[in-house]
Amino acid sequence: MSISEAERHTLVSGLTETLGTERTQILMKCILPDGWQHLATKQDVEVADARMRGEFGELRGEFGELRGYIDSALAKQTRTYLLALVGLAVTVWLTLLLPAVF
């Protein structure tokens, strides 16, 4: 809903008659303390929405890459631990079995 300057002037005049000049100025400052030019338009919101969707898309891609890296690192770590465990088990069994064989 758009308001014309004439309608705005009529509103301010009516408020001034009812409340007085000082109270009307205070009320108008409370309604829009920084003025009409600081209100967001539909276009502003759409632009911000598109920008945020793009940034979230980039984040999803980065998190996907990070997840792939973590999965790869965990798989490598698991292989390393398993090989170390198998090596330890073989060493212990050989240590126990060799004196019995010889």
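Okay, a definition to start: when I say salt bridge, I mean a side-chain nitrogen of Lys or Arg within 4 Å of a carboxyl oxygen of Asp or Glu. Searching the whole structure with that turns up two of them. I'll come back to both. One caveat up front: what you're looking at is a predicted model.

So, how far do we trust it? The mean pLDDT of the protein chain is 90, and 94% of its residues reach 70 or more. Element by element, α3 comes out highest, with a mean of 95, and α2 lowest, at 87.

Now the overall picture. The protein chain has three helices and zero strands, and from the N terminus on, the order is simply α-α-α. The radius of gyration is 37 Å, while the globule rule gives 13 Å for 102 residues, so the chain is more spread out than a compact globule. You get the same message from the C-alpha trace, which spans about 115 × 25 × 15 Å along its principal axes.

How much of the chain counts as buried? Of the 102 residues, just 3%. The accessible surface comes to about 9,400 Å², and carbon and sulfur atoms hold 65% of that.

Let's walk along it, starting with α1, residues 5-19. Here's a quick sanity check: 15 residues at 1.5 Å a residue should span 21 Å, and the end C-alpha atoms sit 20 Å apart, so that agrees. Right after α1 comes Gly20, with a positive phi, near 100°.

α1 also holds the first salt bridge I want to show. Glu5 and Arg8 meet through their side chains, 3.6 Å from N to O. Both are in α1, three residues apart, about one turn of the helix. An α-helix has 3.6 residues a turn, so residues three or four places apart point the same way. As for exposure, Glu5 has 57% relative accessibility, which is over 50%, so Glu5 counts as exposed. Arg8, at 30%, counts as partly exposed.

Next, α2, residues 21-31, which is where you'll find Thr24. Buried or exposed, then, for Thr24? Buried: its relative accessibility is 2%, and the cut-off is under 20%. What is Thr24 in contact with, if we leave aside its neighbours within four places in sequence? That would be Val12, Leu15, Thr16 and Leu19. Looking back at the α1 range, residues 5-19, those four positions fall inside it.

On to α3, residues 42-101, and the other salt bridge. Arg53 and Asp49 meet at 3.1 Å, N to O. These two are four residues apart in α3, so again we're looking at a separation of about one helical turn. Arg53 is exposed at 59% relative accessibility, whereas Asp49 is partly exposed, with 36%.

Last stop, Gln43, also in α3. With a relative accessible area of 58%, Gln43 is exposed. I picked Gln43 for a distance: its C-alpha atom and that of Gly87 are separated by 66 Å, with the two positions 44 residues apart along the chain count.

To wrap up: we have three helices and zero strands, a chain that is more spread out than a compact globule, and two salt bridges, Glu5 with Arg8 and Arg53 with Asp49. And Thr24 is a buried residue to click on, at 2%. That's all from me.

Key
Residues numbered from 1 in each chain as written. Predicted model: local features only at pLDDT ≥ 70, side-chain atom pairs only at ≥ 80, totals over all residues. Heavy atoms only, no water. Expected span 1.5 Å × (residues − 1). Buried < 20%, exposed > 50% of the residue type's maximum accessible area, 1.4 Å probe, protein only. Contact = heavy atoms within 4.5 Å. Rg over C-alpha atoms; globule rule 2.2 N^0.38 Å. Areas by Shrake-Rupley, 256 points an atom, 1.4 Å probe, with all protein chains shown as cover. pLDDT = per-residue confidence, 0-100.
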